[in-house]
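I opened this notebook page to record what I looked up, starting with confidence and going on to backbone, packing and cavities.

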Amino acid sequence: VSTIAGLLPGLLQLALMLAVAPVLAGGADWLRARLAGRAGPPPLQYWRDLVRLARKDPVLPANASWLFRAAPAVVLAATIAAAALVPAFALPTAAAPLADLLLLVGLLALARAVLLLAGLDAGTAIGGLGASRLAATALPVAPALFAALLALGLLAGGTNLVGVLRVLRGGSVMVRLPALLAVAALLPVALAALGRAPLADPAGRHETGLLQGAVAFAYSARHLALLRAAAALELLLWLTVLGNLCLPFGLVDARPAPLAWLLAAPLWGLKLAAGGAALAVLEARTVTARPERLAAGCGLAVLLGVVAVLLCCLGQGQV
Amino acid sequence: MGPLLASRLRALPAVSCRPWGRQALLGEEWRALTAALGTVAAPALLALWADPAHVHALLQERDTTGFLVVSTAVEEGGYPALSPVLPQAAVFERAIADLWGHRAMGGTDARPWLDHGRWPLIGPLSARPAVRRAAAAPGEWRAAAGPHHVLDLGPVHGMVEAAAQFHLAVLGERVRSLELRLGWLHKGTLALLRGKSPRVAARFAARLAGDGTVAHALAFARAAEAASGVTVPARAAALRAVLLELERIGVHLEAVAAIGEAVACMPLPAAVAAPREALAEAAAVAFGHRLLMDTVVPGGVAADLGPAGVEAIAGALAVVRRALPRLRRLADERTALARRLAGVAVLPPALAAAYAASGVVGRASGCRFDARRDLPDPAYAALAAATTPKRGDAHGRLWLRLAEIGDSLALLSALLASLPEGEVAVPPATANGEALGWAEGAGGTVWHWLRLEDGQIAAAFARDPAWLHWPLLEATMKGGLVADLPLALASFGGSCSGVDL
């Protein structure tokens, strides 16, 4: 019974994440369209599309191997594994000891690597372009990512996400400020990982302007549904992690506490809505940037990350 | 050199081809012309086409509105090529080889263009087309220099887009060279025009390019009328100008939306949607077709414009007028959109002049020619000097499109306020003759050439402005970003179908 009780918060959060992710992605699409002055698809359209696509039989490129066919499932599995580690609103889960930021980043990187290989595997021109872009965007964001991880690790004395959140929850301004800077440093990392504006237009109409979408271009039917589900889940993951790091409130740190969850879950939903709205505003207000702008954005992010690290060192020197 | 060459050519005996006559050159005279055309001030080549026995060229004198039509007889299945001195002649020469089977001797590019080796006939417009027994290869791509990898896109793009194949030699995100292969939308239009009366054939001419149905129908009708010596009534001429300007506003609005979509600037397409729909609805009320197809016919226009139609158009124009300030604000110098578009797909003025680029593409790069103003047309007497261009890049062209929408609004108001009374069409005449017709469409100047025999079309050619704009797009993409290709395509806005004949 105690094992089941330990698993319950994690399973509950994961189930909620899986259900909410397409709504979040659909909601961001809807708001983006509204802000641009169009009626927009209803927020549930993303879910409906997933169901519709899942019912269809895929068409495969002529040269696709087993890797191409397996890739969507692997990508989604890696993303779900990452989601299982992330605390949304309840900190003590069975997976908490594993919820290391490095493992989280590694799982998402694994999903990207598989997607990249799938892009090369199909042998289509656009797949190759997408693969080269995935590789090219992963490189400049790495320093910013590591700087941010170092800052968070220094804050909490370890890179376990639950540990970091616990420190932030009870921390002073001297703790929260470097965390905010680290979140700012993670923003271009997240946008590049998600293939969203201003780097790429997720709803882009032309194949040469896409990032992840360029690889997904060769996919159809249930394969595409898996990839789109993974994309929605990754969006939710980033917003959850960044939201909780920014605003470490409403996180329940007790063993099964259904009443506290009932209050904490809507708060998490609010954070997601705020994050999704911010993304929609960004996408409605910007135009697709030239590829070289990523390097400039990442340079700034590295700077913020390094300042965060310095502040951490400074703070700990005073303690 | 240029005017001298032109006057020397004009002194040669001319065949009747309205309005400027056609100089039939002997082989050595054509060769001398070929050599002279390479100089800077020499007339620019607008079109090169053929009939079963001749090859014809339409030339425009630099900085003037002087035009020349020259032709030479095809000898032993060939004619001296123009492409060694005029690179823009290459696509025409390839099309001539595909359609009429005449070889360009000494040409730079002997590969097929429209025929991908799958037509049932070889040289379908030649005097004696041969039956193709086995499918041929569509020809190799041009070899790109230096280290690169190849990105082959199309002809199917997975979205609703024109069928065009892009062969990109790429290094990282930079384009080293771009080559287009069109011809996927081949309709056999020239063969369909043959043997029909202009009245019947007009439907085919109007379906050559969706972004220039009025322009093509008008150029075709003008050629047919000039060939048979018919003069259209004043009211028809004014209504044709109304149709042409309505089409221009519609096409420009769609191009603006496409540019916004290419860089994910969401407010731009959203701001365009309502005025575009208002225009289409007004067109349906006023002329019976949302996209104005088959409204211009040889002899006049298909239907008269009633008071309800005038009111509908005025209403739609008011919607466009209200939307224009917002579009201008979105595309203003200081916006992120302007910064993103600046410096993309730059067309240098010298290149634009060498290719005699027309329309927005040409005018943004300093080619001032506008057939509405520079060729005789009573309906456009009020057209002032064209808006001064800013720069020949994607932002300059977007700005010019918005400026031209404003100009067209003013023109339309003036035209609708003073529509002459009278007939809207005259009956066609059965005649023999040869003539050129033109129209300044939204994409540029459209030219049609026709030869009538006993009131039937014996030979025809249609030059969409995109004939010269596609090679320019290839040139402007060199050194650009792969990700900018959709933007360059939207910015040029050329028609694939118009070239695919």
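I began with chain A of this predicted model, where helix 8 (residues 212-216) of chain A has the lowest mean pLDDT among the elements of the chain, 77, and helix 2 (residues 45-54) of chain A the highest, 94. I note that pLDDT is the predictor's confidence in each residue, from 0 to 100, and that helices (H or I, at least four residues) and strands (E, at least two) are DSSP runs, numbered from the N terminus. Chain A averages a pLDDT of 86, with 96% of the residues at 70 or above, and chain B averages 88, with 97% of the residues scoring at least 70. For the model I wrote down ipTM 0.83 and pTM 0.90.

On conventions, residues are numbered from 1 along each chain as its sequence is written, and chains are lettered from A and ligands numbered from 1 in the order in which they are written. In this predicted model local features need pLDDT of at least 70, side-chain atom pairs count only at pLDDT 80 or more, and totals for chains, interfaces and linings use all residues, while side-chain values use heavy atoms and leave out hydrogens and water.

Next I checked the backbone of chain B. The peptide bond from B:Arg18 to B:Pro19 is cis, with omega near 0°, and B:Pro19 lies in the loop between strand 1 (14-15) and strand 2 (22-25) of chain B. B:Leu292, although not a glycine, has a positive phi of about 65°; I found B:Leu292 in the loop between helix 8 (267-287) and strand 13 (296-297) of chain B.

I then looked at helix 14 (residues 394-417) and helix 16 (residues 485-492) of chain B, which pack at an angle of about 35° with their axes 10 Å apart (axes are lines fitted to C-alpha atoms over the stretch in contact, and angles run from 0 to 180 degrees between N-to-C directions). In contact, meaning heavy atoms within 4.5 Å, B:Ala394, B:Arg397 and B:Arg401 of helix 14 meet B:Ala490, B:Ser491 and B:Phe492 of helix 16.

Last, I asked which residues are closest to the centre of the largest cavity, a cavity being a set of points on a 1 Å grid over the protein atoms alone where a 1.4 Å probe fits but cannot get out, with lining residues having an atom within 4 Å of a point. Of the 18 residues in its lining, the closest are B:Asp211, B:Gly443, B:Gly444, B:Asp464 and B:Pro465. Helix 6 (213-228) and helix 15 (466-477) of chain B are the elements that give two or more residues to this lining.

Note on methods:
On a 1 Å grid over the protein atoms alone, a cavity is a set of points where a 1.4 Å probe fits but cannot get out, and a pocket is an open set with protein on both sides within 12 Å along at least five of seven lines; lining residues have an atom within 4 Å of a point.
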